[in-house]
Amino acid sequence: MRPAGRLRTDDDESADGTGGNVGIGSPIPRREDEAALTGRMRFTDDLTEPRMAYVSFVRSQYAHADIDAVDTSAATARDDVIAVYTADDVRSADGEPLGRIPLRAPPFPDAPYPPEEIYQPAIATDRVRHQGEIVAVVVATDRYAAADAAGLVDVSYDSLDSVVDPVEAVADGAPTVHEACPDNRAFEGTVGDRAAVEAAFEEAAHVVSLEKPNQRLAPFPLEPRAVLADYDPSTEHLTFRPTTQIPHAYRRLLSQILPHPENKIDVVAPSMGGGFGARQHPYPEDVLVGWCAMQLGRPLKWRATRIENQEMENDGRGYDGTWEMAVDEDGNVLALRSEILYDVGAWVARASPALAQHSFDVMTGQYDLPAAHCRITGVLTNTSRVDAYRGVTESDPILMLERLLDRAAREIGVDPAEIRRRNLVPPEKFPYYETATGAILDSGDYEPTLDLALERVGYDEWRDRQADLREEGRYVGIGIANWVEKAGLGPSGTTDEPTWGYSHVQVHPNGEVTVAVGCSNHGQGHETTMSQIAADRLDVPIEDIELVQNDTTRVPQGVGTYAARSAAVDGGAVAQASERIVEKCLRVAAHSFDVDTDAVEYADGVFSTADGSESLTFPEVAKLAVLGGHIPDDMQPGLEAHAYYDPEELTWPFGTHIAVVEVDPESGEVEFEDYVIVEDCGTQINPLVVEGQIHGGTAQGIGQALYEEVHYDGSGNLATASLQDYALPKATHVPRMETHHTVTPSPHNPNGAKGMGESGTIAAPPAVLNAIEDALSPLDPDPLDLPATPERIWRATHD
Ligand code: MCN
Ligand code: SMO
């Protein structure tokens with residue numbers, strides 16, 4: 001399906017991607033795909049260096065145990081082993097233990113940080129707290145030797161009782177994960193006006209509730225994590241080629257942890273087979289491979305096996321909570337409250353407290369709710385950490401809110417579309433609507449997306465068919481989910497991390513342009529979309545633009561890619577830096593034409609005087625500017641500009657998903673009949689890229705709804721560490737999707753663009769769950785747990 005956005009119509013030749021205008025709004029194919037499809041992308045594990053050796057890690061098989069002794073003698077004795085290190089060896093140059101992975105923000109703006117003892121160290125000292133934790137490091141001449149030698153390291157443990165469930169972890173008598181938090185509570189945050197919420201619940205005609213987990217998921221990038229590090233003792237430069245979403249922040253964090261001066265660390269991240277939120281900080285392996293390279297002065301590589309990857313990579317979601325909604329007799333929502341336990345794992349991960357904080361902002365979704373209150377408690381368990389996974393901030397609040405709206409609609413007897421319509425934030429409250437939990441929504445116009453989705457899916461027809469099919473004993477259901485996304489982090493100051501966008505634009509004397517940008521493409525299509533923004537602003541052919549990313553040696557600054565921030569924030573910086581180039585060009589041309597700058601026009605790559613008597617092309621002006629000599633006296637030569645774009649506010653894209661499914665209550669199978677998405681991310685830079693992002697995210701959301709779940713057994717063994725046990729959806733499990741757009745530009749963004757890269761993962765789970773429960777409603781099932789597997793569906797209808 002081609003998107004039917006207002007930005008582009010199929011008969012608009014200028015936007016067909018085959019020439020002419022390829023700027024903002026053109027659905028041109030992705031520039032990076034040829035390399036990807038012909039096997040020319042280079043991933044970390046493709047790289048080799050002269051004298052390169054390999055690292056392997058000795059990991060705990062126990063989820064919770066004291067380390068008694070580590071005997072490395074058999075490993076050290078091997079000829080092909082270069083070094084074996086234990087916690088006693090791993091020290092900074094000053095003999096101190098290395099730093100821990102720092103947090104990016106406390107759980108709430110004014111709240112204290114959790115105690116530092118619960119931040120993850122690079123290597124376990126005397127106790128391990130989750131399966132897979134690193135106990136020793138082996139460096140050997142090749143990968144197999146390293147793995148074999150790691151197997152020879154003999155660790156004796158005294159095993160301890162473990163706890164893997166957050167609800168059990170806060171119960172009396174649960175094993176303690178960290179002495180620093182005896183009750184296993186790592187942090188807590190609340191938001192909203194509790195008294196107002198309580199009062200609304202007292203008055204409410206109806207209260208609906210859900211006491212359900214939002215299951216723990218694995219982001220599961222297909223490329224396992226890897227790192228190649230090298231150290232040059234003569235320059236003291238440490239170079240990393242890692243799998244990361246945030247090259248510059250990775251550099252800064254490693255500089256703190258090792259410690260080593262930031263300006264002497266280079267991070268050159270090759271292509272990466274997905275991140276999905278899990279690669280937003282250096283991991284213990286990155287720290288240790290870098291540290292070992294500094295000890296040995298030679299290049300070292302490590303690449304996770306699939307099992308190692310799943311044991312160590314951050315998971316996502318992992319919430320268990322109670323959500324309640326107070327509604328009057330007409331279906332107006334009066335208040336919302338929730339009490340959530342958030343499983344943070346054995347160590348508090350870099351972003352998890354901040355993510356808990358961000359979730360509050362999204363709590364009221366698209367609705368004009370008078371009151372809301374939430375309390376969230378981060379709980380320690382003997383499992384690996386939980387941190388960001390695509391849709392992280394929005395997943396829980398939107399899933400629960402949209403499921404509650406369906407329950408309220410059923411209880412009151414109104415249509416699910418109608419209850420939503422009654423509660424939407426009205427357009428006149430925009431721009432900058434403030435929610436009951438204090439978030440500021442930049443712009444929105446919600447009813448048209450809902451209406452378009454209802455129309456395109458044929459909502460009324462499906463309701464009629466549903467009634468007919470029920471008479472035949474068939475169970476068809478229609479599920480609606482409205483969503484918002486808190487996209488595009490900045491503005492700066494909301495966390496302890498910089499969150500501006502960055503771009504440096506350099507024009508060469510031949511008129512070709514190198515655009516360096518601080519975001520970090522790992523599948524999102526930036527090579528195309530960022531180039532489109534520059535092509536648009538500079539009015540030069542896209543072929544003349546080279547995009548540079550993911551490399552601290554070529555991109556002076558950057559924040560990286562997460563929180564669907566690249567289009568809105570770094571894209572804003574590309575626009576601003578490009579505009580500065582054009583401003584300088586106008587002055588150079590004016591000087592050359594001997595007229596005022598105001599008298600120069602720029603169109604289609606040509607600077608000219610109004611009467612057309614004088615003109616210079618963009619490359620001609622570039623040459624003049626770079627060579628100098630023919631420029632104004634008060635101007636320096638060169639044609640380059642940079643911009644730090646620090647947005648005033650976040651951007652809040654939104655939309656509606658509608659899923660139509662048929663459920664067989666006897667087999668528990670779910671089949672998709674239809675799937676319609678209407679998305680509004682403001683101005684689209686590239687509708688084709690946007691559509692791809694929607695498809696991918698929705699596939700992941702369907703994975704959460706129907707298939708995926710991270711499972712630890714009672715002793716803390718990870719039972720879902722392979723693709724055989726963790727059920728990622730396959731192409732045949734994903735329905736054909738129809739996507740449409742409305743366009744409500746962001747009022748403050750230079751391109752009008754809002755982020756959108758996470759929307760599918762946010763909206764698909766509630767849409768699919770609502771569709772299944774709508775289908776089964778005549779059987780009055782218990783609310784379903786996610787994933788809604790055939791067994792769970794069968795049990796819900798047969799108990
Ligand atoms: N875009 C656009 N017009 C808009 C908004 C976005 O053309 N109005 C384009 C952008 O220019 C960009 C893409 O769509 O090429 C996604 O943009 P954006 O919403 O800014 O998100 P980011 O580029 O910052 O990507 C981050 C987001 C997140 S947070 C996760 S998690 C995620 C996702 O992207 N991980 C992904 N999509 C992924 N896609 C792939 N293939 N792999 C991942 O790991
Ligand atoms: S979970 Mo995405 O990298 O913010």
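How many of the 11 residues of helix α6 (residues 247-257) are buried? Here are some notes on that and on a few other spots worth a look as you turn the model around; please keep in mind that the model is predicted.

1. Let's take helix α6 right away. Of its 11 residues, 10 are buried, so the helix is mostly covered if buried is read as under 20% relative accessible area. The buried ones are P247, H248, A249, Y250, R251, R252, L253, L254, S255 and I257. Among the elements that cover these residues are the strands β9 (226-232), β10 (237-242) and β11 (265-267), along with helix α7 (284-296).

2. Now for the overall picture. The protein chain holds 19 helices and 28 strands. Its C-alpha atoms fill a box of roughly 85 × 75 × 50 Å along the principal axes. For 799 residues, a compact globule would be expected to have a radius of gyration near 28 Å, and the 28 Å of this chain agrees with that. Buried residues account for 63% of the 799. If you look at contacts between residues at least 6 apart in sequence, 80% of them join residues at least 24 apart.

3. Next, the aromatic residues. Searching the whole structure turns up 16 aromatic pairs. One of them is F430 with Y433: the ring centres are 6.0 Å apart and the planes stand at 55 degrees, so this pair is tilted. F430 counts as buried because its relative accessibility is 12%, and Y433 is buried too, with a relative accessible area of 5%.

4. A second pair deserves its own point. Y446 and F654 meet edge-to-face, with 4.8 Å from centre to centre and 80 degrees between the planes. Y446 belongs to helix α12 (residues 446-457) and F654 to strand β26 (residues 654-664), so this pair ties together parts that are 208 residues apart in sequence. Y446 counts as buried, at 0% relative accessibility, and F654 is likewise buried at 0%. Ring pairs link F430, Y433, Y446 and F654 into a cluster, which makes a good group to display together.

5. Two arginines are worth a glance for the rings beneath them. R225 places its charged end over the ring of Y283, 3.7 Å from the ring centre. R337 lies over the face of F201, and here the distance to the ring centre is 3.8 Å.

6. Further along the chain there is a small piece of architecture to trace. Three strands form an open sheet in the order β22-β23-β24, and the pairing is antiparallel. Its edge strands, β22 (600-603) and β24 (615-617), each pair on one side only. On average, neighbouring strands in this sheet are turned by 20 degrees against each other, with direction ignored. Between β22 and β23 (residues 606-609) there are four bridges, and V600 stands opposite T609 of β23.

7. Finally, which helices lie against that sheet? Helix α15 (residues 566-593) lies across β22, β23 and β24, and runs at about 45 degrees to β23. Helix α16 (residues 618-627) also packs on the sheet, where it touches β22, β23 and β24, and its direction makes about 85 degrees with that of β24.

How values were computed. Residues are numbered from 1 along each chain as its sequence is written. Chains are lettered from A and ligands numbered from 1 in the order in which they are written. This is a predicted model: local features need pLDDT of at least 70, side-chain atom pairs count only at pLDDT 80 or more; totals for chains, interfaces and linings use all residues. Side-chain values use heavy atoms; hydrogens and water are left out. Rings of Phe, Tyr and Trp (its six-membered ring) pair if their centres lie within 6.5 Å; planes under 30 degrees apart count as stacked, over 60 as edge-to-face and the rest as tilted. Buried means under 20% relative accessible area, exposed over 50%, partly exposed in between (1.4 Å probe, protein chains only). Helices (H or I, at least four residues) and strands (E, at least two) are DSSP runs, numbered from the N terminus. A charge sits over a ring if NZ of Lys or CZ of Arg is within 6 Å of the ring centre and within 35 degrees of the ring normal. Two strands pair if DSSP finds at least two bridges between them. Axes are lines fitted to C-alpha atoms, for helices over the stretch in contact, and angles run from 0 to 180 degrees between N-to-C directions. Contact means heavy atoms within 4.5 Å. The radius of gyration is taken over C-alpha atoms; the globule rule is 2.2 Å times the number of residues to the power 0.38.
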